Protein chains: 2
Amino acid sequence: MGGKPAPVAVGLLGFGTVGSGVVRLIAEHAEELEAELGQRLVVKRILVRDPAKERPVKVPPEVLTTEPGVILDDPEIRIVVEVIGGLEPARTLVLEALRRGKHVVTANKDLMALYGADLLAVAREHGADLYFEASVGGGIPIIRTLMDGFASDRITRIYGIINGTTNYILTQMSRQGRSFDEALREAQALGYAEADPSSDVDGLDAARKMVILATLGFHMPIALDDVAVQGIRGLDRKDIAYADEFGYTVKLLGTAIRDDGSVEIAVQPTLVPKDHPLANVSDAFNAVFVHGEAVGETMFYGQGAGSLPTATAVMSDVVAVIKNMLLGVSGKRLGRPLRPKRLKTPAEIVGRYFFRLTVDDAPGVLAHIARTLSESEVSIERIVQVPDPAARTADILIITHAATQAALDAALTRLRDLSALRAIHAVFRVL
Amino acid sequence: MGGKPAPVAVGLLGFGTVGSGVVRLIAEHAEELEAELGQRLVVKRILVRDPAKERPVKVPPEVLTTEPGVILDDPEIRIVVEVIGGLEPARTLVLEALRRGKHVVTANKDLMALYGADLLAVAREHGADLYFEASVGGGIPIIRTLMDGFASDRITRIYGIINGTTNYILTQMSRQGRSFDEALREAQALGYAEADPSSDVDGLDAARKMVILATLGFHMPIALDDVAVQGIRGLDRKDIAYADEFGYTVKLLGTAIRDDGSVEIAVQPTLVPKDHPLANVSDAFNAVFVHGEAVGETMFYGQGAGSLPTATAVMSDVVAVIKNMLLGVSGKRLGRPLRPKRLKTPAEIVGRYFFRLTVDDAPGVLAHIARTLSESEVSIERIVQVPDPAARTADILIITHAATQAALDAALTRLRDLSALRAIHAVFRVL
């Protein structure tokens, strides 16, 4: 049969956690990959900032380069794997690779959430593939599932736990009684949270992932501004304890809901009933529920981050891209065009809410609050008063029946005028 | 631009539960499908036994035919969807369709478990696609996930609940305290179980699905004979109650485990710890765990049967097949060739076990049993004696530490010789 086909050369942009995993998988699963593709895969070049840095995975020194051009200008490198993360220089390098007709596999949620549509258009224009399974949910093949698995269905809800850092923090607060600051420091010590944890704890990371999931699920051009974002920074463990007493676990959920043509997308702390599967998704695991009109409720669970799980997602894309090359269909991924989006107004967003007020412990305050809510058309499912005699205050905990966001906002505005009110602490959704 | 492209004509073999769902989806999601494919889809013909039968979904009478040739001989029908189920005439019709170069989408686990490899070879030979997402797990895209999502990984374990009928029966027994017979009759009344429930309750349906999953996951030619099958027929609710006291829920699990090159595949009643996600998978839902060396633990959950969920899986395949046609890559699905399989011997299969003995309530019996197990190298994690004074017998419940299947078999053989033994009731695995 003559010689073996030449190996497929991959250029890697970035050699951090995910990049190391990709190099390991290509080496350790070489047999599987060759069986799958009939060709060997080699990492020909890796773009790094500092070639001298100690790394957990060894490669020959000549593989490392600090010059993007060494990868972009190499005609043998047909596939570029971008695992730098963040917007720049990732965006410029991906654009440049696509313009040269190279196929790109990226794990970069920031890039795909902000510039996904543009990049996909550039890819199409140049006959190149752009795959991004690893951008959401680590090793969970959720992108593929939304694009292919439910291709004939009408997705109505996507919701779940898609940020491992905050889920680790919430798990520690809930199971070990840690404060937010303690749990955050632990997460940082373990490498689950970065030195600047803002993007995770303020919900931005989850919001970007929701942009990607909702765009694919609803076939609408969802933008980051369309996502109502509330993080968990400074979350009081008191609220976790109260939620626990009510039978709930607090989770940071991303939710995307479609009713007819209108959508709402949010990231917010949410009370999850303890017997709901999401309540038991702990530490750095992710879980995404997808509800389709026809398929009903489905759920996908796995490690949401980490070197090898995320590298598995990257490599599933690399395999798909190489198969497309072998079949001569690169850059021809078929799918639905996006259609116009319509965001729900606050008067159309309906949910159940939990919140906690601290008030002066005086007669009539509870009744006044109840009346205010009722007059604002927020109906109460449960209201509990917990006095703090030392401070002469009381915590008032409320879970509402289904109410519109507009009604809730109006009610909270009126409550803020209440002279007995000391603070409104936590306004969470209830699943 | 000119006129619209001609619609893609589909021929349907069978018009039962899943077939009706397919017709509904094609009608009700016509807009989605046209957006996805740029072409309309029509069900041109449906093969039925009795055209006069009342059906939940209406189609023009001229669409129905009792003649397979009307579909097989029609050159306009490029895609045949087989939803008859069972081996014949499904096998003959699918073979005939493939030989004429028609693409086939099937929901038929019996067919794929027994003749999958042959049929895939015929398909390849004739440049036709053969897709079978709906054969396992209803609406859960598990076939796709194993084939594409984890293409670079080395799958080491696949296990889960893949038969809705038995899961409904076990849920009713466990939550409502029903006997096996009561729960079975309920399942039959609700349409969850067939008049002859053997294939479900004896574990054969689950075994066939495990053949499909293990073949895809391990890339080995797994046969039905390779699966150790134990069903739930006649399961005593006593054992469910005892398991419950020990902190477990009884589930019928399919398991496929690979250690190095050797595999074990089984379907058997299994004690699942109550805090394990599978313990909460109830009624007709399915859930499959897939463990890969790199990706770690993942889980996929959804409705394992039903008209529309299963039709969603069928239609995801129809969409994939049409995309292949549009791209000119029909019959060219790339993937790993199968490699030789090696089944573990009973001396290599290691597990924890639960079983219940009824013995004469006489002094020394418990000690004798404990000694017998110990001499057979089955070490006991927990042993509980529950006397039944009226019958002068006792139930002895045992949970073992990890032991080989060979050691357990030897121990049970020795226990059967014990003069005080009345019965060995249930030998279940412990997850």
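This report describes the interface between two chains of a predicted model, followed by the domains and some local backbone features.

The model is predicted, and local features need pLDDT of at least 70, while side-chain atom pairs count only at pLDDT 80 or more and totals for chains, interfaces and linings use all residues. Residues are numbered from 1 along each chain as its sequence is written, chains are lettered from A and ligands numbered from 1 in the order in which they are written, and side-chain values use heavy atoms, with hydrogens and water left out.

**The interface**

Chain B and chain A each give 50 residues to the contact, where contact means heavy atoms within 4.5 Å. Between them the two chains bury about 4,300 Å², of which 59% is on carbon and sulfur atoms; buried area is the accessible area (1.4 Å probe) that two parts lose on being put together, summed over both.

Four salt bridges are found across this interface, a salt bridge being a side-chain nitrogen of Lys or Arg within 4 Å of a carboxyl oxygen of Asp or Glu. E32(A) pairs in this way with R154(B), with 2.7 Å between the closest N and O atoms. There are also 14 residue pairs in polar contact, both residues at pLDDT 80 or more; a polar contact is a pair of N or O atoms within 3.5 Å, of which, within protein, one must be able to donate a hydrogen and the other to accept it, and residues adjacent in sequence count only if both atoms are side-chain atoms.

On the side of chain B that touches chain A, the elements giving two or more residues are α1 (17-28), α2 (30-37), α6 (142-149), β12 (296-303) and α12 (307-327) of chain B, and α12(B) provides the largest share, nine residues. Helices (H or I, at least four residues) and strands (E, at least two) are DSSP runs, numbered from the N terminus.

Strand β12 (residues 296-303) of chain A runs antiparallel to β12(B), to which four bridges join it, and F300(A) has F300(B) as its bridge partner. Two strands pair if DSSP finds at least two bridges between them.

**Domains and backbone**

Chain A is divided into domain 1 (8-138 + 308-327), domain 2 (142-303) and domain 3 (350-430), with bounds from an automatic or database domain assignment. The C-alpha centres of domain 1 and domain 3 of chain A lie 51 Å apart.

The table lists the cis peptide bonds of E88 and P89.

| Cis peptide bond | Omega |
|---|---|
| E88(A) to P89(A) | about 10° |
| E88(B) to P89(B) | near 5° |

P89(A) lies in the loop between β4 (77-82) and α4 (90-99) of chain A. In chain B, D260(B) has a positive phi, near 45°, although the residue is other than glycine, and D260(B) is placed in the loop between β9 (248-259) and β10 (262-273).
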